[in-house]
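Thanks for coming. I will go through a few helices and then a few single residues, so please keep the picture open.

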Amino acid sequence: MNAAAQNIAPSSEARSFLDRDHRLLIDGKWVPAASGEVTEIFDPATEQKLATAAAGGKEDIDRAVAAARKALRGEWSKLTSYDRTRLILKLADELEANIGLASEIETLDNGMPRMVAHYSIASFGCDFLRYYAGWATKISGETIPVSPQGVRNGESLTYTRREPIGVVGAIIPWNAPLIMATLKLGPALAAGCTVVLKPAELTPLAALFLGDLVKRVGFPDGVINIVTGYGETAGAALAAHPDVDKIAFTGSTEVGKKIIAASIGNLKRVTLELGGKSPMVVFPDADLDKVIPGVTRGAFFLNGQNCMAGTRLFVHGDIFDTVVERVAQMASQFRIGHGLSPDSDLGPLISGEQRERVMGYVEAGRKSGAELVCGGDVLPGRGFFMKPTLFSKTTMDMSIAREEIFGPVLCVQAFSDSDLQAVANEANRSIYGLSGSVWTRDISVAHRMAAMIDAGQVSINCHAAVDPAIPFGGNRQSGWGREFGREGLDAYLKTKATTVIY
Ligand code: NAI
Ligand code: MG
């Protein structure tokens, strides 16, 4: 059964949020877009209109950046690091206190099952903010006892200060809208930066909900500005803005390259979290009772609409047929439906356009000679649902195995070589290098293989282990820089060296 038949209705609390006149948060005030334009927001599970949001453009970005610049020099800069910690913790507490409504809005906007929304907001919303709240008081420089310009030892001192990088433009995607916002805000605020946040045009609601909490918590005006709107207009204006010091972007590799091009004007700093085509490598000694749920979820979590999705499964020939059969069995048993139904394991894809794009890959997979083991169809009726799809006997020259599909499509390929490097070479045959996993009980194979996979993070006997403290980011065309952990904070700081000769 799919969503339309389930007749799912939002709660009255969510309804009254959705029905609001959604505006832009600029300098502490909700204001309409200068052009007066709006975008319509749809529930991907029912294709029904949910809400109307302001479509901000260049003029709004200019106003938001000016507010962020003013705030950077204002009251915000006078606060102690303890004050910043307290404010970020308060934001986490507010989010936790409202997690029911937050997760309902996230589900309506994005389609993900409510339990997934709840879990992700608890850990990557609330706890992530708390993790970075703690960092605000631990930002420090070094003292360097050098003797520049020929001064005698002991007559000079250099110290470094870590200063906020300045005004940050955060451009985020639609696949986990609320947590994407907190992932950018946490380290930026801990570092003392100010932010202009540009949510994805398909899913602006979570950020707007967060905007309410930001106001309630009492951040000084202009520290956090939210401009909803399209990528080509609002996003591009932010990326190119001469008074923005850094862009933190998550999204497609294609747009990531445009962000770099747009940054050239003022040489702003850029960090990029982009696409992936992550391998999962299963050796014949692995514990299949852990492997099957692990790799199946690794591939189909959020319908594969997540950058770390394990979309290429490499299985040793000895266990190939068993693994393919069991993964297909589990994938076929996922219950598909409206994310607000407690019975749904998977929701819809984000949009009709996205589903068409994914189905285009399914068609290409069929034509390429890969073996379709399960799925490959959309669900009839309303909502952008499709079945988890597994292709076996794929090779790395097929587009389904090479390109990021961002949908529920898993490619499985056998390996028989006892040469680990050959297996790694196959796993690394991708323009991406975001994530990967190795499944074996042999610790030597596990660590050797993990070292050989060219990715920002590799998990052993699980896939995509993420935590606020674990550095996260990609190699090659999966991105620039790392988020999370101390490195994630460093990306929002710049160093000033001060030397005194006495
Ligand atoms: P996208 O990369 O176009 O959108 C991400 C964000 O960038 C949105 O906020 C969008 O408004 C903004 N944006 C778009 N064009 C821009 C521009 N010229 N300048 C500044 N900002 C801009 O992603 P899209 O088109 O929604 O999805 C297409 C494909 O991208 C997906 O099928 C998937 O393969 C990939 N993708 C990957 C993500 C990841 O986390 N790795 C997230 C979202 C999409
Ligand atoms: Mg795009």
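By a strand I mean a DSSP run of E that is at least two residues long, and strands are numbered from the N terminus. With that in hand, look at strand S11, residues 269-273, where Val270 is found. One reminder before we go on: this is a predicted model.

Is Val270 buried or exposed? The cut-off for buried is under 20% relative accessible area. Val270 has 12%, so it is buried. What does Val270 touch, once its neighbours within four places in sequence are left aside? The contacts are Ile247, Ile259, Ser263 and Trp480. You can also find Asp245, which is 25 residues away from Val270 along the chain, with 8.8 Å between the two C-alpha atoms.

Now the helices. Start with H13, residues 320-333. H13 has 14 residues, and from first C-alpha to last it reaches 20 Å, close to the 20 Å expected at 1.5 Å a residue. Its buried residues are Phe320, Val323, Val324, Val327, Ala328, Met330 and Ala331. Why do these sit on the same side of H13? Because they cover an arc of only 165° around the axis. Turn to the face pointing away from that buried side, and you meet the exposed residues Asp321, Glu325, Ser332 and Gln333.

What covers the buried residues of H13? The cover includes helix H12 and four strands, S13, S14, S15 and S16. On the sequence, H12 is 288-300, S13 is 310-316, S14 is 371-374, S15 is 389-392 and S16 is 409-415.

Let us stay with H12 for a moment. The axes of H12 and H13 cross at roughly 55° and come within 9 Å. An angle like that makes H12 and H13 oblique to each other, and their crossing is right-handed. On the H12 side, the residues that meet H13 are Leu288, Asp289, Ile292, Pro293, Val295, Thr296, Arg297 and Phe300. On the H13 side they are Thr322, Val323, Arg326, Val327, Met330 and Ala331. Some of those names should be familiar: Val323, Val327, Met330 and Ala331 are among the buried residues of H13.

Next, please move to helix H7, residues 114-135, and helix H5, residues 81-97. Their axes are 8 Å apart, and the packing angle is about 165°. Angles over 145 degrees count as roughly antiparallel, so H5 and H7 are roughly antiparallel to each other. This crossing is left-handed. H5 makes the contact with Thr85, Ile88, Leu89, Leu91, Ala92, Asp93, Leu95 and Glu96, and H7 with Ile121, Gly125, Cys126, Leu129, Arg130 and Ala133.

H7 also packs with helix H6, residues 99-110, at an angle of about 125° and with the axes 8 Å apart. At that angle H6 and H7 are oblique to each other, and H6 passes H7 in a right-handed crossing. From H6, the residues involved are Ile99, Gly100, Ala102, Ser103, Glu104, Glu106 and Thr107. They meet Arg114, Ala117, His118, Ile121 and Ala122 in H7. Note Ile121, which is also on the list for the contact with H5.

One more helix: H8, residues 177-191. How many of its 15 residues are buried? The count is 15 of 15. At 1.5 Å a residue H8 should span 21 Å, and its end C-alpha atoms are 22 Å apart, which agrees. After H8 comes Gly192, with a positive phi near 95°.

That brings us to backbone angles. Most residues other than glycine have a negative phi. Which value does Arg476 have? Its phi is near 45°, a positive value in a residue other than glycine. Arg476 lies in strand S20, residues 475-476, and at 35% relative accessibility it counts as partly exposed. Phe484 also has a positive phi, near 70°. You will find Phe484 in the loop between strand S21 (479-480) and helix H18 (485-490). Phe484 is buried, with a relative accessible area of 4%.

The last residue is Gln457, in strand S19, residues 457-460. At 9% relative accessible area, Gln457 is buried. Not counting residues up to four places away in sequence, Gln457 touches Met308, Leu434, Ser435, Gly436, Pro471, Phe472 and Gly473.

That is the tour. I can go back to any part of the picture.

Technical notes
Residues are numbered from 1 along each chain as its sequence is written. Chains are lettered from A and ligands numbered from 1 in the order in which they are written. This is a predicted model: local features need pLDDT of at least 70, side-chain atom pairs count only at pLDDT 80 or more; totals for chains, interfaces and linings use all residues. Side-chain values use heavy atoms; hydrogens and water are left out. The expected span of a helix is 1.5 Å times one less than its number of residues. Buried means under 20% relative accessible area, exposed over 50%, partly exposed in between (1.4 Å probe, protein chains only). The arc is that of the directions from the helix axis to the C-beta atoms. Contact means heavy atoms within 4.5 Å. Axes are lines fitted to C-alpha atoms, for helices over the stretch in contact, and angles run from 0 to 180 degrees between N-to-C directions. Angles under 35 degrees count as roughly parallel, over 145 as roughly antiparallel, 65 to 115 as roughly perpendicular and the rest as oblique. A crossing is left-handed if the near helix is turned anticlockwise from the far one by less than a right angle, and right-handed if clockwise.
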